[in-house]
Every structure is written in C-alpha cells, then in structure tokens.
Amino acid sequence: MSRFGDWFESRLPIGRTLRGMLDEEVPGGAKFVYALGSATLLTFLVLAVTGVVQLFFYAPTTAAAYASVNYLRFQVPFGWLVHGLHYWAATLMVVLALLHLVQVFLWGAFKKPREMTWILGVLLLLGTLAATYTGNPLAWDEKGYWAARVGAGIIGSVPLVGGWLRDVVFGGTIVGQLTITRFFGLHIAVIPLLIGSIIALHLITFRKEGAAGPIRPSTKTGAFYPDQVLRDLIVFAVVLVVLVGLSAFLLTPVTGPADALDASYVGRPDWPFLFIFQLLKYLPGQLEVVGTIGVPVLGTLLLLLVPWLDRSPERSPAKRPAVLAIFVVVSGALVALSILGAQTSTPAAVAPVGPPGPTPEASIVSTPPGPGPSLASNQVGGAAHGQELYVLYCQECHGARGVKGVENPGSADGEVPSLNPIDPALAGKTRQTFVAGLDTFLQNGSVPSESTSTPNASPRLKMPSFGNTNALTQPQIADLEAYIMQLNGVDRAAIARPGVVPKTYFWISLVGLAIVVISGSAAIVSVERGR
Amino acid sequence: MAAQERSDQAVVSRRGFVGWTLGLGAGVVALVAGVPQIGALLATPRSAAPNEFVDVGKLADLPDGEPVGLTFLAESIDGYNAEQLPHTVWVVKTGTGDPIVFSPVCTHLGCQVFWDKGARHFVCPCHNSVFTKDGAVVSGPAPRPLDTLPTKIKDGILSVRWVDFTPGTTAKTPV
C-alpha cells in the first residue's frame, strides 16, 4: 500500500472493516438462491436514491403534489426513469421480501438460534408495506387519494380509539393537506430510518450465527468473498435490467388527479393489500373490524411467533407436513383473494345507466369562467378513467368512442359533432392548444349554430356546461380531455423531455448489464478452477 | 472493622446511586425534550366550525320519487387551508312530504355512492354496498343506512347543512 494509503488506513480503517465484513464462510457453498436477501436490500437502496432525487422536485401540498410529480415524469430529463425506478423498485421490494420470507420459512432457517433474525425480517416486511401504503397518496392522484380515504375509514372504525387514531395518522377527520404532510414525513423520514436501522440489526444477527446453510449438512463450503459476492453481483444486474425494463416499457400509470367527489372511480388498494379489500366484501358490517384490523394483526402476530410455533429442530419441509400444509392453505388463500380483488369490475362502467354525479340541469352553482386556463387544462388527466366518464356523460350524444354523434335537428350540422376524429381546428397544433380547445367546451358548454335551411330553428341538443356548473369536477374534466385526446392519437401524458428515449435507454443498459453478467460468470468459473 | 463494612456497603450503593441518577436524569431529559414533540403529533387537529345551511335548489324543480344529485359549495377547513369546496348530496322527494337529503359518503368506508338509474339503487363502487332509495342497506358490507343531512325549507328553497359522519360504525356519529 502507498504511504498515503497506510496513513489513511491507520486513521480510518475502512479496508480492515470491509475485509472483516467480506470474510465469511458460506456453508454448503455459494448459491444464486442465497441472493434473495441482498436483492431485497438492492431494491431498498434504489428506492433511497430515487426517493432523494424526487425530493428535489416534489411539493407536498394538495394543490401542487400531482402537478409536481407529473412535472418530474414528463418534463424533467430522465424523470420518467427516476419515478419509474421508484415505483417498480417498491413493487419488487415487496415481492423479493415475500420470496425471501417464504424461502427462510420453508427451509426452516428461522429455527433456534436464528429467531431474532426472523423477527427483524418480519418487521422489515411490515416496514416495507407501511412505506408502500404511505407512498401512494403522495402522488395525490385518484389511486393514492382513495387508498388514503378508505384507510382513514378503516382506522376510524376501530372500536374506542379509532377516531383518535385516525386523527393522529391522517391529520384530522378529512383526508387533505395535513394527510399529505403526515404521510410525507412518515414516508421520507420515519419509515426509511426505521427500515435502515432494522436492516442493520438484521445483518448483525445474521452474521452472528452465520447462514443456516443447506438442509442436509454438507462438508462443502464457500467464501462469501468472492464466491457469493460474484453471484450477488450477477443477480443485482438482472434486478436492475428488470427495473429499467419495467420503467421503460410499462410507464407508471396515470390515474388522474385526486377527486374527492368522484363516485365513478373504483378505489382499489395497491396489490399487497388486495386480499383485505376482497375479504371485506364477504364480511357483514358488524364484522368489518375483523377483516380490516383483526386479520392483519393476528397474521402478523402468528408470523412473529413462527419460531416458537414450529420448534422442532427438523428443517426439511418434507418432514414438516403440517407446517407445509398450513403454508399451502394460507398462501393459496392470500393469492386467491388477491386475484379476485384484482378482477373487481367497476359497477358504473359495467352498467352505464346514468351519470353518477349530479345532472348539469339540476345543479344550481353557476360561476362565470375564470380568467386564464382552467384547473383541468393544467392537469394531466387519466385517459382510462376518462373513458369511464365518457361512457357515463358523453356517449349518449357523441356516440360510442366519439365516432359518430346522434342527430341534432335544428342545428347547422344536423348532428352532434363527432369527437373521433375531432374538428382539426379544435385539435390545434400542440398538446396544450388541444387541451385548451376541448376545455372551453367542457367548462362553458356551447349552443350549436342554427340550421340555415329551416328558419327560426333552434338546435334540439346543446352542449351542457360541465365545469362552470360543477356538474363535473375539474379532475373529471381533465380525465375526459385526456381520453378524447387519446381517441385522436394524442397522448396527454407524453414525455416531453425524456433525456434518452425510454426504450433506447433500456437497450443501452441491457448491453452494459449483460457485460456485468458475462464477466461475473467468467470470474465465478475462474475461481472454481483455481480451487 | 465496622468502618470497613460501612465503606464496602457505601461502594455498592454509590454505584447504584450513580446508575439511578444517570437513568433518572436521562429519562427527565428525554421527557422534557420529547413531550412537546409527541404532544404536537398526537394532538387532535383544529376541528372545523359547523357548516352553515346552504341553499341547494328549488323544491319545485325536484323530480318526484327520483333521487337527484345536487352540488353546492360549503366551507371546508383542512388544517391551514379554508376553502369553498363542492359537495354533492342526493335528494329524494316523494309526494308532498319534505325531501330527504342523503350524504353521498358511503357508511362503510367513506367512498362516494351514486344512484344507479337502471337498478334503482344507490351503489358504492368500492366494496359494492347497495342501498334502497330510502337509504336502507340492501346488500354489501355497509353497517348502517345512508346518512341523512339536516335540512331547512324556506320560501320553496331547500337548504342543507354539510356534516361528515364516521364511516364503518353502526351508530351515526359526526366526526
């Protein structure tokens, strides 16, 4: 080592510490399946980094949160990737943590003396789920908002302390500004610090006893460095390829701005909580708390007590038939409930029999259009939800998918204008002029020009004012605008400044990470040969 | 000899005394520093003043026997934001009696119910609770009928006062 290196090492012994961490035996030899825990840790690191970058753009207010997230996604170079990686790493972290838990459970690796590692692992899973739950509402889109609304209802229904608990967690009786601020604090500070600390403890208890190793004792042994580290590196490269690929090919969904009045949006929880959502449908009102609080609390307690419920030193799953049976039944039930929950159809969309909201004629609030662009035209709407609203509010006159409007006697055109394709003058040249053109009609309504062939005719159908009458909310109008633009081949949520085009970036990263996999494999082979 | 014994005992108790002092001191320091933080977080947020009655529509305009959704603006206090926010209520007028005004908030977990014209039921899109035109539970997990809101009628104008109720409980209690 150089003189400077020696001087440095003697005062800050990084090298020695690192060697101490890497110098460990892997009983039974290194294996790719042992990388599940490290891969979960990798997703946490990806979340930490992308989370910090997002802090430079995000504004935790009801007025600005949605727009600030969309600014990052569509206007900031590589913003789509920062947001996408955070979104998909969050999903993958839950998946990998669950797989890691199943692996340790089936292989009996939680047994004495590794009970504490198991307990800390279960706490990490809970922390990950808490982070998932608190992260969603921060985007202040329909999905996140309704997840918070239903969550507040669930907590509020707890006997005795429910109301107080809801006020503490959600910052009051309504889900609003104080909810965002609280969830923000929990999501970016409290929960990550807890997860980080528990990860440290999890690793300390893991290293104290070492890996559990194969079920059948083996004389074979490997070294954590380089054997396992090389395999971890290859797994990391694969995980990163998956994350970049998901971010590039499955852009994070746009569900539309949060809308407290929207009865046509089906609030559906994030996938880890779908089983509770489905379970609630089978429980009568009085047993509500059993599903929302009872099942999760009891499940968690049982999970924490696993090392004491399965105490025999036997580790082979084949020789623990009762444990295996319980595992199959419980995981089967969870998967089945989740799948059923995911397939929930929207009652409003299946049976389009009338607008779910107030009818425009009956609404008495009438405010003149405000100056400048409306709230709706400044928000990136969700086309999928816009389609549901279109069926409820627009289809009756403009026809299915806007292809052909119904007849309108007395009007100059003789029929309601088609929206697909739309009048080129309305579509304009840019996305913003397209939105503005649509927005005028949706906000103010319009009366078609009269037919010139029949004197004194007045058009039978008029375009109602949806915005100024509050017949539709501004978020709903934003969603409708996104859908009508989509019908005309224009993406409201198009990425304006990608940095590098998503798919191109994926191919570039694939090449880079393939090199890592190939050279890593070569290194593994050379290490094996050297023995 | 007696003095020696006393000093042995004193050594043990001195150690204990130091330990207790440190523990107690650290505890007091933590309490003094921590109580305000926890107090701020656990305090019940500022409660909103009860809303005023707001005119929502002319009685004569309401269809007979058909629920209609009316939107009006009511003041909503959300922490430090006080805003006029739109609220929707479902009004059911039957015959000559006073109309019944339902809050659209589902009594299950607080999603928004809508009137399904075809099935002639109120439906909640979240967990499929179904209510009759009179607000009674038909099916689904809702623990109580739809909540009615206080109303006033003056000179043929219907006024409504917006109230939030706790969802998920059998009793109808304002939040």
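**Exercise 1. Determine how strand S6 of chain B is joined to strand S7 of chain B, and place both in their sheet.**

Solution. Begin with the pair itself: strand S6 (residues 121-123) of chain B and strand S7 (residues 130-131) of chain B run antiparallel and are joined by 2 bridges; strands here are DSSP runs (E, at least two residues) and helices are DSSP runs (H or I, at least four residues), numbered from the N terminus, and two strands pair if DSSP finds at least two bridges between them. Next, take one residue, B:Val123, whose bridge partner in S7(B) is B:Val130. Then widen the view to the open sheet of chain B, in which 4 strands follow the order S5-S6-S7-S8 with antiparallel pairing. Its edge strands, each pairing on one side only, are S5 and strand S8 (137-139) of chain B.

The model is predicted, so that local features need pLDDT of at least 70 and side-chain atom pairs count only at pLDDT 80 or more, whereas totals for chains, interfaces and linings use all residues. Residues are numbered from 1 along each chain as its sequence is written, while chains are lettered from A and ligands numbered from 1 in the order in which they are written.

**Exercise 2. Describe how helix H5 of chain A packs against helix H6 of chain A.**

Solution. First, read the geometry: helix H5 (residues 79-106) of chain A and helix H6 (residues 115-135) of chain A pack at an angle of about 160°, with their axes 10 Å apart. Because angles over 145 degrees count as roughly antiparallel, H5(A) is roughly antiparallel to H6(A). Finally, list the contact (C-beta atoms, placed from the backbone, within 7 Å), to which H5(A) contributes residues including A:Ala90, A:Met93 and A:Leu101, and H6(A) residues including A:Trp118, A:Leu125 and A:Gly135. By class, this contact has 10 nonpolar, 4 polar and no charged residues, where Ala, Val, Leu, Ile, Met, Phe, Trp, Tyr, Cys and Pro count as nonpolar, Asp, Glu, Lys and Arg as charged, and the others, Gly among them, as polar.

**Exercise 3. Characterise the side of chain B that touches chain A.**

Solution. Start with the totals, in which 45 residues of chain B are in contact with 47 residues of chain A. Among the elements of chain B that give two or more residues to this side are helix H1 (2-42) and strand S3 (81-92), while the largest share, 7 residues, comes from S2(B). Sorting this side of chain B by class gives 23 nonpolar, 17 polar and 5 charged residues.

How values were computed
Contact = placed C-beta atoms within 7 Å. Axes fitted to C-alpha atoms, helices over the stretch in contact; angles between N-to-C directions. Parallel < 35°, antiparallel > 145°, perpendicular 65-115°, else oblique.
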